[in-house]
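Visitor: Could you walk me through this one? I'd like to hear about the metal sites and then the pockets.

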Amino acid sequence: MQTSILLRRFSIGLIAATLIFMAIVAYFGYFRTVNSGLDFTNTLHIPPLIEPELQNGEKVYTLALQKGQQAFIDGVKTNTLGFNGNYLGPTIKVSTGDNVRFNIINELDEVSTVHWHGMHVPPEMDGTPHQPIAVGGMWQPHYEIKNEASTMWYHPHTHGRTAHQSYFGLAAFFIIEDDNSKSLDIPQTYGEDDIPLVVQDRIFTDAGTLFYPGNGGAFLGDSILVNGTYNPSVTVDGKLVRFRILNGSNSRIYRFGFSDGRTFHQIATDGGLLEAPVALDQVKLSPGERAEIVVDFSDNQTVMLMSYPDPNLLAMVENAFEGGSGRFEILKIEVAPTDSVSPPLPTVLNVIERWSEAEVDRVRPLQLAGPITQVDAETGEVVARNTGSGRQIPINGNLMDMARVDEVITLGDIEIWEVTNAGGIPHPFHVHDVQFLVLDRDGVAPPPNERGWKDTTLVNAGETVRIIAQFTDFASETVPYMFHCHIMEHEDNGMMGQFTVVAPSSEYAGSDGYMLDLDPMLHGHMDH
Ligand code: C2O
Ligand code: CU
Ligand code: CU
């Protein structure tokens, strides 16, 4: 990279990070240190697996969005939200090819939705703001599991309320296995040597109650919950253990590693197994991203799962606002010696078919951040628009509008999206419907652990990330999918756009965008 670009990125990042850091300090009145003074004595909660009912060849799951009370600290009960419980929800575990159906009941005081993050489902089953579940209402999505073995998750996607509803507990795992994953000699006993870890930063008041300051543009907490457990500790067998790590935080970026610096292997990205295990000593995850890692505990040593600052100074400064520059302990891991010895990890985990650029039907530029624009009705010129709120971050100059379809994709097309971050802080960019591959970052091929299926990828300040995906199976002119920043506060403030996938014969095929005629009921939910 050229020095001038580096300098520009550095100064933009530095100025933005400093300003925002000052704002956070001013907002909270003091500097919070993360997870300080903990002794890691609470047993890590493992979300239970939910058993489906089998009906007419379908696996039927009943999920209730509930209000609850959970004691995180010293037995103090605090108000929470959860699926079928007080906080978080059961893990759904299915196989590719399964047909699933849900009875989803909204027992909250507000409208909600349930989105299957990472999954390739029809747009009307996707659980976006276009499928609201009214208070007291029920939603019954059903679909075939088309994704390969992977760690997905489900959470609300309520327009303007995703950050709040997820923060108080609505998030859970959705694990998919397939013939390949089951045949591999890798740890796969749920809760024993195959352990899901959802990592979420929170703030507790001095009284021990869960506190969310409201959407202040982003959120950083000083207490890190793992699977909803405060001050957590887990005991594993002294052999190979697989962790499925989900960054379920609203805004915080982590760079996971172990206190003794031990090497581990990443075996899967968001949407599937890597082609081969990748040896690492740290893995960075932004909100919404997952990594499956396998760690060797046969030395029987107690270690801490940690988060570390980025060793790259520029990245560290840019990440500061999103918490990526902290160094703190997350989870104590104690080891029970065992006689059973793990086989070595397979050298081949998966086959990933990559598209060649010659097959690409369309290249689509997307700009994150930058000015908010609109077309002047009289002159037809594009002008910057003052929204009166610096918290609103656009994509391609626009804030989310449920009636506007921003991008129209022709069914079956292979597209490259050139995602450029024109702002000063990183944004985790998420696309619904598809799993994509990262082609390059500023022209440089991604590291081996990023060369797997992804649905969310961090786009750093000033960077252009090219991703490639094919949009298959599901088309609709009337029900869009979303693409957005997965910092939930950004998303809720409008850093989101919509795309439809339309049949080649559609009048909209090949066009840039159009307006939807929204159901007024739906629209009513939208205006806050
Ligand atoms: Cu995890 Cu559109 O979201
Ligand atoms: Cu999603
Ligand atoms: Cu963002």
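What follows is a short chat about two copper sites and the largest pocket.

Guide: Before we start, please keep in mind that this is a predicted model.

Visitor: OK, which residues coordinate the copper ion that is ligand 2?

Guide: The copper ion (ligand 2) is coordinated by the NE2 atoms of His115 and His430, at 1.9 Å. His115 belongs to strand E7 (residues 115–117) and His430 to strand E30 (residues 427–431), so that distant parts of the chain, 315 residues apart, are linked by the pair.

Visitor: And is His115 buried or exposed?

Guide: His115 counts as buried because its relative accessibility is 1%, and the cut-off for buried is under 20%. His430 is buried as well, with a relative accessible area of 0%.

Visitor: What are the protein donors of the copper ion that is ligand 3?

Guide: They are His427 through ND1, Cys485 through SG and His490 through ND1, lying 2.0 to 2.1 Å from the ion. Their spacing in sequence is H-x57-C-x4-H, and the pair of His427 in strand E30 and His490 in helix H5 (residues 488–492) links parts of the chain that are 63 residues apart. Both of these histidines, His427 and His490, are buried.

Visitor: Switching topic, how many residues line the largest pocket?

Guide: The lining has 35 residues, and Lys284, Arg441, Pro447, Glu450 and Asn460 lie nearest the centre of the pocket, whose volume is about 820 Å³.

Visitor: Which element gives the most to that lining?

Guide: That is E20, with three residues; by class, the lining has 16 nonpolar, eight polar and 11 charged residues.

Technical notes: Residues are numbered from 1 along each chain as its sequence is written. Chains are lettered from A and ligands numbered from 1 in the order in which they are written. This is a predicted model: local features need pLDDT of at least 70, side-chain atom pairs count only at pLDDT 80 or more; totals for chains, interfaces and linings use all residues. Side-chain values use heavy atoms; hydrogens and water are left out. On a 1 Å grid over the protein atoms alone, a cavity is a set of points where a 1.4 Å probe fits but cannot get out, and a pocket is an open set with protein on both sides within 12 Å along at least five of seven lines; lining residues have an atom within 4 Å of a point. Grid points are joined across faces, edges and corners, and a volume is the space filled by probe spheres set on the points. Helices (H or I, at least four residues) and strands (E, at least two) are DSSP runs, numbered from the N terminus. Ala, Val, Leu, Ile, Met, Phe, Trp, Tyr, Cys and Pro count as nonpolar, Asp, Glu, Lys and Arg as charged, and the others, Gly among them, as polar. Donors are N, O and S atoms within 2.8 Å of the metal (3.2 Å for Na, K and Ca); water is not among the atoms, so sites may look incomplete. Buried means under 20% relative accessible area, exposed over 50%, partly exposed in between (1.4 Å probe, protein chains only).
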